[in-house]
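Please look through the sequence and the model shown below before reading on. The paragraphs that follow begin with single residues, move to a helix and the core, and end with the chain as a whole.

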Amino acid sequence: MTETIFDKILAHQIPVQIVFEDADVLAFKDIAPQAKVHVLVIPKKKARNLSELQTWAAQDVGLFFQKVAVVAAHLGLEKTGYRTVLNTGSDGGQSVDYIHAHLLGGEPLSGNFS
Ligand code: AMP
């Protein structure tokens with residue numbers, strides 16, 4: 001799999017503002033924040049995007065999403081809420097081919113998909 005900028009971030013070769021790290025995930029501030037709080041959560045086990053999670057064991061998929069919730073709680077976003085976004089592929093606007101969940105919050109967000 002081609003190395004991406006997030007592989008380098010995970011290897012601590014590129015400096016980022018880390019907000020949470022454990023054995024399973026790394027979470028860091030987005031370089032171009034779209035909200036007061038904008039954090040990216042990446043699993044240490046690599047996948048290109050959400051589609052590729054079809055090849056993962058369900059337990060690993062669940063663990064990743066559970067950790068996204070853990071990071072949101074760690075950031076204090078639970079009380080007021082937050083938005084979670086996973087862009088997949090070119091039509092989805094994915095610009096980095098390493099799966100990442102955007103966590104956005106810290107203020108009321110405009111727009112929704114309903
Ligand atoms: P996406 O468009 O869903 O693939 O999101 C990729 C995100 O990565 C964008 O929101 C970028 O601002 C962010 N990003 C790219 N490079 C860096 C970096 N070096 N540090 C932090 N965030 C980054």
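**From single residues to the whole chain**

D91 has a relative accessibility of 83% and therefore counts as exposed, the cut-off for that class being over 50%. The model is a predicted one, and in it D91 sits in the loop that runs between β4 and β5. If Q34 is taken as a reference point, 57 residues away from D91 along the chain, the two C-alpha atoms turn out to be separated by 19 Å.

A second loop, the one between α1 and β1, offers two further residues to examine. H12 is found in this loop, with α1 spanning residues 5-10, and its relative accessibility of 49% places it among the partly exposed residues, because that class lies between the limits of 20% and 50%. The backbone of H12 also deserves a look, since its phi is near 60°, which is a positive value in a residue other than glycine. Q17 has its place in the loop between α1 and β1 as well, and with a relative accessible area of 53% Q17 is exposed. Although exposed, Q17 touches A27, F28 and K29 when residues up to four places away in sequence are not counted. Between Q17 and G111, which are 94 residues apart in sequence, the C-alpha to C-alpha distance is 27 Å.

The helix α2 can now be taken as a unit. It comprises 17 residues, 58-74, and from its first C-alpha to its last it reaches 24 Å, close to the 24 Å expected at 1.5 Å a residue. Which residues of α2 are buried? They are V61, F64, K67, V68, V71 and A72, and these cover an arc of only 145° around the axis, which puts them on the same side of α2. A58 and Q59, by contrast, are exposed on the other side of α2. The partners of the buried residues are strands: they pack against β1 (18-21), β2 (25-29), β3 (37-43), β4 (82-85) and β5 (101-105). Just after α2, G76 takes a positive phi of about 80°.

Within this helix, A72 can serve as one example of a buried position. A72 is found in α2, and at 0% relative accessibility it counts as buried. Leaving aside neighbours within four places in sequence, A72 is in contact with L77, E78, Y82 and L103. E52, which stands 20 residues from A72 along the chain, has its C-alpha atom 23 Å from that of A72.

F64, another of the buried residues of α2, leads from the helix to the core. With neighbours within four places in sequence again left aside, F64 is in contact with V25, V41, I42, P43, L86, I99 and A101. The largest nonpolar core has 17 residues, and F64 is one of those with the most contacts inside it, together with A27, V39, V41, V71 and L103. To this core β1, β2, β3, α2 and β5 each supply at least two residues, while the largest share, five residues, comes from α2. Apart from this core lies another, of nine residues, among them L10, L26, V96 and Y98.

The whole chain can now be considered. The protein chain contains two helices and five strands, which follow one another along the sequence in the pattern α-β-β-β-α-β-β. Its radius of gyration is 14 Å, close to the 13 Å that the globule rule gives for 114 residues, so the chain is as compact as a globular protein of that length. Taken along the principal axes, the C-alpha atoms fill a box of roughly 35 × 30 × 25 Å. Of the contacts in the chain with a separation of 6 or more, 53% are accounted for by residues 24 or more positions apart.

What remains is the division between interior and surface. Buried residues make up 36% of the 114 residues in the protein chain. The area that the chain exposes is about 6,800 Å², and carbon and sulfur atoms supply 51% of it.

Technical notes
Residues are numbered from 1 along each chain as its sequence is written. This is a predicted model: local features need pLDDT of at least 70, side-chain atom pairs count only at pLDDT 80 or more; totals for chains, interfaces and linings use all residues. Side-chain values use heavy atoms; hydrogens and water are left out. Helices (H or I, at least four residues) and strands (E, at least two) are DSSP runs, numbered from the N terminus. The expected span of a helix is 1.5 Å times one less than its number of residues. Buried means under 20% relative accessible area, exposed over 50%, partly exposed in between (1.4 Å probe, protein chains only). The arc is that of the directions from the helix axis to the C-beta atoms. Contact means heavy atoms within 4.5 Å. The radius of gyration is taken over C-alpha atoms; the globule rule is 2.2 Å times the number of residues to the power 0.38. Accessible areas come from the Shrake-Rupley method with a 1.4 Å probe; for residues, only the protein chains shown count as cover. A nonpolar core is a set of buried Ala, Val, Leu, Ile, Met, Phe, Trp, Tyr and Cys residues joined through side-chain atoms within 4.5 Å.
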